[in-house]
Structures are given as C-alpha cells and as structure tokens.
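Let's take a walk through this structure, from the overall layout down to a few individual residues. Have the sequence and the 3D view open as you read.

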Amino acid sequence: MTELKPGIKGTAVTMADLNNTAAAVGSGILKVFATPMMIALMEKAACDGVAPFLDEGEGTVGTKVNITHDSATPVGMKITAVAELTEVDGRRLTFNVEAFDEAGRIGGGTHERFIIRNEKFQSKTDAKTVKNE
C-alpha cells in the first residue's frame, strides 16, 4: 500500500435529475437533489480519493457520516463533492467532505471509512444469509 496520509483528496460529480430527487428516493416529496444522494456522492469522493493508495484486493466501506445539507439544488444543476483525508488511524480513515452546486456550497461535514479486504468482507456478509435460512 502506498502511504495514506492526510491531504489526499477525491472528487465526484453528478447532475441533479428526476432520478436523484427527494421525491424519487423517498426522502421527501420535493423535486430537489436528495440528501441521501448528496451523502452518497460525498462517500464516492472519499472512496475514489483513497482507492489508488490501497493494495490490490482492498477497498473501503463507509461507517459514519455527520453531514449537514444546507441548501437545496434544483433539477438540472451539476453537483460536485470533495473529500479530503484528515486522519489515518490504522484502518480507520476520516474525511472532511463538502458538496457544491453551481450556485455554491450545499452541504458538508465529516465521513469515516474503514479499509477492508474486499473478498473477506463480502464472504462474511454473504454468510449472514445462510444463518437466516
């Protein structure tokens, strides 16, 4: 693994459309960019930012978000999420995250991810279905 250190950044971009509105995803009734979709975009920025620094077969999973959604975005606007790694504590990674539409900042906060071995994590998760059959 290449050294993970504070300052690594990731970016993710999407467009607000009818498929990612609060009305479409069930987080409200309005046709505005949904809070869960903003958080997912922030997670993608964090995940993509550190991916080049992980060993083959490793990935990250989100474990915590502390986010505010401060301004609504109408359908048709571009949204950009930026994540900056601020702390590395073993396998735990902490990020400052922000999202912007074309008019300015729409939200931000902190996000935590853990480095995992993809195959082991998936196998352990899949085993839950066997226990419940």
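First, a bit of vocabulary: two residues are in contact when they have heavy atoms within 4.5 Å of each other. With that in hand, take the contacts in this chain between residues with a separation of 6 or more: 66% of them join residues 24 or more positions apart. Keep in mind throughout that what you're looking at is a predicted model.

Now for the general layout. You should be able to pick out 3 helices and 5 strands, and going along the sequence they come in the order β-α-α-β-β-β-β-α. The C-alpha trace spans about 45 × 40 × 20 Å along its principal axes. Of the 133 residues in the chain, 32% are buried. As for the outside, the accessible surface comes to about 7800 Å², and carbon and sulfur atoms account for 52% of that.

Next, head inside. The largest nonpolar core has 22 residues, and the ones touching the most other members are Leu4, Val50, Ile79, Leu85, Leu93 and Phe95. Who supplies the core? At least two residues each come from α2 (35-50), β3 (78-89), β4 (92-101) and β5 (104-117), with α2 giving the most, 6 residues.

Ile79 is a good member to zoom in on. Setting aside residues up to four places away in sequence, isoleucine 79 touches Ala12, Val13, Thr14, Met15, Ala16, Phe33, Leu41, Thr73, Ala99, Phe100, Asp101 and Ile106.

Another isoleucine worth a look is residue 67, which sits in strand β2 (residues 58-69). Leaving out residues up to four places away, isoleucine 67 touches Met38, Ile39 and Met42, along with Val97, Gly108, Gly109 and Thr110. Histidine 111 is 44 residues away from isoleucine 67 in sequence, yet their C-alpha atoms are 7.9 Å apart in space.

Stay with strand β5 for a moment and find arginine 113 there. Is this arginine buried or exposed? Its relative accessible area is 5%, and buried means under 20%, so arginine 113 counts as buried. What does arginine 113 touch, leaving aside neighbours within four places in sequence? The list is Glu43, Ala46, Cys47, Thr60, Val61, Gly62, Thr63, Arg91, Arg92, Leu93 and Phe95. One of these, threonine 60, is 53 residues from arginine 113 in sequence, with 6.0 Å between the two C-alpha atoms.

Time to look for a pocket. The largest pocket holds about 190 Å³ of space, and its lining is made up of Glu58, Arg91, Ile115, Ile116, Arg117, Lys120, Phe121, Lys124 and Thr125. Both β5 and α3 (118-131) supply at least two of these lining residues, and the largest share, 4 residues, comes from α3. Sorted by class, the lining has 5 charged, 3 nonpolar and 1 polar residue.

Let's finish with one residue from that lining, lysine 120, which lies in helix α3. Why does lysine 120 count as exposed? Its relative accessibility is 63%, and the cut-off for exposed is over 50%, so lysine 120 qualifies. For a sense of distance, try threonine 86: this residue and lysine 120 are 34 residues apart along the chain, and their C-alpha atoms are separated by 27 Å.

Definitions and conventions: Residues numbered from 1 in each chain as written. Predicted model: local features only at pLDDT ≥ 70, side-chain atom pairs only at ≥ 80, totals over all residues. Heavy atoms only, no water. Core = buried A, V, L, I, M, F, W, Y, C linked by side-chain atoms within 4.5 Å. Buried < 20%, exposed > 50% of the residue type's maximum accessible area, 1.4 Å probe, protein only. 1 Å grid on protein atoms, 1.4 Å probe; cavity = no way out; pocket = protein on both sides within 12 Å on 5 of 7 lines; lining within 4 Å. Points joined across faces, edges and corners; volume = space filled by probe spheres on them. Nonpolar A, V, L, I, M, F, W, Y, C, P; charged D, E, K, R; others polar. Areas by Shrake-Rupley, 256 points an atom, 1.4 Å probe, with all protein chains shown as cover.
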